[in-house]
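This report walks through one protein chain. Keep the sequence and the coordinates at hand while reading.

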Amino acid sequence: ERRNLARDLRLALAQGEFELYYQPQSRLTDNLTIGYEALIRWHHPTRGLVPPAEFIPIAEETGLIVQIGEWVLRQACTTATSWAEPYRIAVNLSPVQFSHGALPETVHAILVETGLSPKRLELEVTESLLISDPDTALHILRRLKGLGVSIAMDDFGTGYSSLSTLQSFPFDKIKIDRSFLDKLG
């Protein structure tokens with residue numbers, strides 16, 4: 001099953017089977033929309049909608065997440081430039097994209113290509129990215145911040161979350177996972 005999904009995943013990008021949905025992000029004080037998060041969906045020709053929880057791990061294992069991630073970033077930035085209001089656009093990054101090495105150059109090239117201001121782009125990372133190779137992650141995060149984009153910690157509280165992580169890395173936003181808040185009572 002996984003091998004078949006991996007094979008189909010290779011074709012999905014070329015055949016235009018991916019689509020982005022845009023989830024609004026609102027300010028808590030007045031519920032005003034301040035941006036959107038790009039969420040990928042795969043419309044498989046025979047299976048129908050394949051949940052990201054099924055295909056993202058396979059894309060990461062096969063390395064296809066690098067090309068898929070570039071497509072997501074390009075599509076999200078292109079769409080954001082067409083909005084009447086200068087909303088921010090948030091895009092999730094995979095730890096595999098960080099290990100690829102050329103992430104800052106790719107982000108810069110896509111910003112130039114689409115004309116999106118770096119101030120409107122927010123890149124979301126999870127703490128698992130920071131644990132495996134913190135020095136490299138910090139170096140890449142600083143290079144991304146140097147482009148003018150903002151960095152958000154996504155799913156804080158699901159893994160080995162610690163305040164030292166928050167102090168060590170240049171985060172502009174922290175998204176606390178619901179399961180963490182539920183445990184607070």
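Which residue is the bridge partner of Tyr 36 in β4? The partner is Ile 89. The pair belongs to a parallel match between β2 and strand β4, residues 88-92, which spans 3 bridges.

## Overview

The model is predicted. The chain has 185 residues, and 39% of them count as buried. Its secondary structure comes to 9 helices and 7 strands.

Contacts in the chain can be sorted by sequence separation. Among those between residues at least 6 apart, 67% join residues at least 24 apart.

## Strand β2 and its partners

Start with strand β1, residues 18-26, and strand β2, residues 33-44. The two run antiparallel and are joined by 9 bridges. Two of the pairs can be named. Tyr 22 has Ala 38 as its bridge partner in β2. Leu 20 has Ile 40 as its partner in β2. The two strands form a hairpin, with 6 residues between them. Asn 31 sits in that turn and has a positive phi of about 60°.

Next comes strand β3, residues 48-50. It runs antiparallel to β2, with 3 bridges joining the two. Here Trp 42 stands opposite Val 50. β2 and β3 also form a hairpin, this one with 3 residues between the strands. With β4, in contrast, β2 pairs in the parallel sense.

## From β4 to β5

β4 also pairs with strand β5. The two run parallel, and 4 bridges join them. Asn 92 stands opposite Glu 124 of β5.

How many residues of strand β5 are buried? The count is 5 of its 6 residues, so strand β5, residues 121-126, is mostly covered.

## Ala 38

Ala 38 is found in strand β2. Is Ala 38 buried or exposed? Its relative accessibility is 4%, so Ala 38 counts as buried. The cut-off for that label is under 20%.

The contacts of Ala 38 reach several parts of the chain. Leaving out residues up to four places away in sequence, Ala 38 touches Leu 20, Tyr 21, Tyr 22, Ala 76, Ile 89, Ala 90, Val 91 and Asn 92. Tyr 22 is also the bridge partner of Ala 38. Ile 89 has already appeared as the bridge partner of Tyr 36. Asn 92 stands opposite Glu 124 in β5. A longer separation in sequence involves Ala 80. Ala 38 and Ala 80 are 42 residues apart in sequence, and their C-alpha atoms are 9.9 Å apart in space.

## Asp 8

Asp 8 lies in helix α1, residues 2-14. Its relative accessible area is 12%, so Asp 8 is buried.

What joins the side chains of Asp 8 and His 44? A polar contact of 2.7 Å does. Residues up to four places away in sequence aside, Asp 8 touches Trp 42, His 44 and Arg 47. Of these, Trp 42 is the residue opposite Val 50 in β3.

## Helices α1 and α2

Two packed helices are described by the angle between their axes and the distance between the axes. For α1 and helix α2, residues 52-62, the axes come within 10 Å. They cross at roughly 80°. Angles from 65 to 115 degrees count as roughly perpendicular, so α1 and α2 are roughly perpendicular to each other.

Which residues make the contact? From α1 come Arg 2, Leu 5, Ala 6, Leu 9 and Arg 10. From α2 come Glu 54, Phe 55, Ile 58, Ala 59, Glu 61 and Thr 62. By class, the contact has 6 nonpolar, 1 polar and 4 charged residues.

## Ser 150

Ser 150 lies in strand β6, residues 150-156. Its relative accessibility is 8%, so Ser 150 counts as buried.

Which residues does Ser 150 touch, not counting residues up to four places away in sequence? They are Arg 88, Leu 121, Glu 122, Leu 123 and Asp 172. Among them, Arg 88 falls within β4, residues 88-92. Leu 121, Glu 122 and Leu 123 fall within β5, residues 121-126.

Definitions and conventions: Residues numbered from 1 in each chain as written. Predicted model: local features only at pLDDT ≥ 70, side-chain atom pairs only at ≥ 80, totals over all residues. Heavy atoms only, no water. Buried < 20%, exposed > 50% of the residue type's maximum accessible area, 1.4 Å probe, protein only. Polar contact = N/O pair within 3.5 Å; in protein donor to acceptor, adjacent residues only side chain to side chain. Contact = heavy atoms within 4.5 Å. Axes fitted to C-alpha atoms, helices over the stretch in contact; angles between N-to-C directions. Parallel < 35°, antiparallel > 145°, perpendicular 65-115°, else oblique. Nonpolar A, V, L, I, M, F, W, Y, C, P; charged D, E, K, R; others polar. Pairing = 2+ DSSP bridges.
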